[in-house]
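Trainee: I would like to learn how to read the features of a protein model step by step, beginning with the surroundings of a bound molecule. Could we look at one together?

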Amino acid sequence: MGNRLEGKVALVTGGSRGIGKGIAKLFAREGAKVMITSRKAESCEEAAKEIGGTVDFEPGHIGKQEDMERVIGATSDRLGAIDILVNNAATNPYAGPMIDVDRARWDKTLEINMTAPMFWTQGVWQAGMKETGGSILNISSVGGFHTSPILGVYDVTKAALIHMTKQLAAELGPKTRVNALAPGLIKTDFARVLWEGERGGEVAKAYPLNRLGEPDDVAKAALYFCDDSASGWVTGQTLILDGGGSIGFKRVG
Ligand SMILES: NC(=O)c1ccc[n+]([C@@H]2O[C@H](COP(=O)([O-])OP(=O)(O)OC[C@H]3O[C@@H](n4cnc5c(N)ncnc54)[C@H](OP(=O)(O)O)[C@@H]3O)[C@@H](O)[C@H]2O)c1
């Protein structure tokens with residue numbers, strides 16, 4: 001138990017599982033009052049129980065404006081003015097060459113991964129962050145820096161989020177800081193197909209740190225960006241967090 005976020009109110013989208021739950025857990029341990037949201041009420045309730053501390057939940061679909069307004073309203077009413085928003089929830093409904101994607105899955109990926117973080121940020125800004133200040137953290141991906149044979153559509157949205165982070169940081173300073181994390185492969189349900197079984201071991205070998213990431217690895221970096229005493233002069237930045245995978249390492253033997 002620490003107190004790095006004592007008295008802060010944090011809203012974490014996709015807080016019921018994986019990286020979002022890891023962030024919510026660490027933020028609560030550091031003294032924040034945390035609101036988690038995801039589509040399924042039961043998952044949120046279970047996660048809130050597991051996390052402990054001052055944690056509340058309000059279910060909602062991040063792509064729906066009315067859900068967003070309800071979740072932001074519930075957070076302010078029950079926990080107080082929002083200091084921290086973590087735009088974490090995302091989707092990846094399509095795998096394959098980008099050139100072959102159908103319109104419906106293209107639109108869905110952009111709506112959830114790109115449009116939603118923009119309007120959730122606008123929502124908390126208008127709900128009071130423009131007066132009280134705060135921190136926005138966008139969960140992008142190392143894929144936002146690369147091309148991919150199968151994840152091109154998803155990666156385009158994550159690249160857009162990196163640029164959105166810079167644009168919003170420029171607009172929302174000096175009171176509000178906006179940063180992003182770009183994780184490599186993290187052991188969650190979202191990426192299970194990429195790490196389960198022998199495949200995970202193979203991927204880990206390409207990482208100088210010789211292991212895949214855990215939600216807690218991302219949570220610790222999230223804490224850095226949302227703790228004003230640690231990163232108070234950092235905004236518009238994206239931190240790659242991938243065990244060194246993106247530096248092009250190949251383990252021999
Ligand atoms: N895992 C990785 O290797 C990896 C790598 C790089 C970046 N990332 C990024 O990290 C973030 C979290 O991923 P994760 O691996 O933790 O995923 P995860 O384990 O699948 O968790 C996703 C969370 O988002 C919620 N969610 C999904 N769609 C939603 C929607 N439309 N509205 C509201 N909530 C929604 C899910 O709950 P419900 O189902 O109840 O809605 C769940 O709480 C994403 O932005 C992802 O792109 C992940």
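Trainee: How many residues surround the ligand, and which are the closest?

Mentor: To read a binding site, one begins by listing the neighbours of the bound molecule. In this model, which is predicted, 28 residues surround the ligand, and the closest are Ser16, Arg39, Asn88, Tyr154 and Thr188. Sorted by class, the shell around the ligand has 12 nonpolar, 11 polar and five charged residues. As for where they sit in the fold, helix H1 (18–29) and helix H5 (152–172) each supply at least two residues of this shell.

Trainee: Which atoms of Arg39, Lys40 and Ile62 are paired with atoms of the ligand?

Mentor: Here the idea is to look at pairs of nitrogen or oxygen atoms, and to ask in each case whether the protein atom belongs to a side chain or to the backbone. In the side chain of Arg39, an N or O atom is 2.7 Å from an oxygen atom of the ligand, and in the side chain of Lys40 an N or O atom is 2.9 Å from an oxygen atom of the ligand. With Ile62, by contrast, it is a backbone N or O atom that lies 2.9 Å from a nitrogen atom of the ligand. Taken on its own, the ligand has 890 Å² of accessible area, and the protein covers 96% of that.

Trainee: What volume does the largest cavity have, and which residues line it?

Mentor: A cavity is closed, in the sense that a probe fits inside but cannot get out. The structure holds one cavity of 30 Å³ or more, and the volume of the largest cavity is about 30 Å³. Its lining is made up of Thr13, Ile62, Asn87, Asn88, Ala89, Ala116, Pro117 and Trp120. Helix H4 (residues 103–132) gives the largest share of that lining, with three residues, and by class the lining has five nonpolar, three polar and no charged residues.

Trainee: How much space lies in the second largest pocket, and how do the residues of its lining divide by class?

Mentor: A pocket, unlike a cavity, is open. In the second largest pocket there is about 160 Å³ of space, and among the residues that line this pocket are Tyr207, Arg211, Asp217 and Asp242. The lining of the second largest pocket divides into six nonpolar, three polar and three charged residues.

Trainee: Which side chain does Glu50 meet in a salt bridge?

Mentor: For a salt bridge, one reads the two side chains first and then asks where each lies along the chain. The structure holds 18 salt bridges, and in one of them Glu50 meets Lys25, at 2.8 Å from N to O. Glu50 lies in helix H2 (residues 41–51) and Lys25 in helix H1, so this pair ties together parts that are 25 residues apart in sequence.

Trainee: Is the peptide bond from Gly173 to Pro174 cis or trans?

Mentor: For this, one reads the omega angle of the bond. From Gly173 to Pro174 the peptide bond is cis, with omega near 5 degrees, and Pro174 is found in the loop between H5 and strand S6 (176–183). Another backbone angle to read is phi, which for Asn210 is near 60 degrees, a positive value in a residue other than glycine. Asn210 lies in the loop between helix H7 (198–205) and helix H8 (215–226).

Terms used: Residues numbered from 1 in each chain as written. Predicted model: local features only at pLDDT ≥ 70, side-chain atom pairs only at ≥ 80, totals over all residues. Heavy atoms only, no water. 1 Å grid on protein atoms, 1.4 Å probe; cavity = no way out; pocket = protein on both sides within 12 Å on 5 of 7 lines; lining within 4 Å. Points joined across faces, edges and corners; volume = space filled by probe spheres on them. Helix = DSSP H or I, 4+ residues; strand = E, 2+ residues; numbered from the N terminus. Nonpolar A, V, L, I, M, F, W, Y, C, P; charged D, E, K, R; others polar. Near = heavy atom within 4 Å. Polar contact = N/O pair within 3.5 Å; in protein donor to acceptor, adjacent residues only side chain to side chain. Areas by Shrake-Rupley, 256 points an atom, 1.4 Å probe, with all protein chains shown as cover. Salt bridge = Lys/Arg side-chain N within 4 Å of Asp/Glu carboxyl O.
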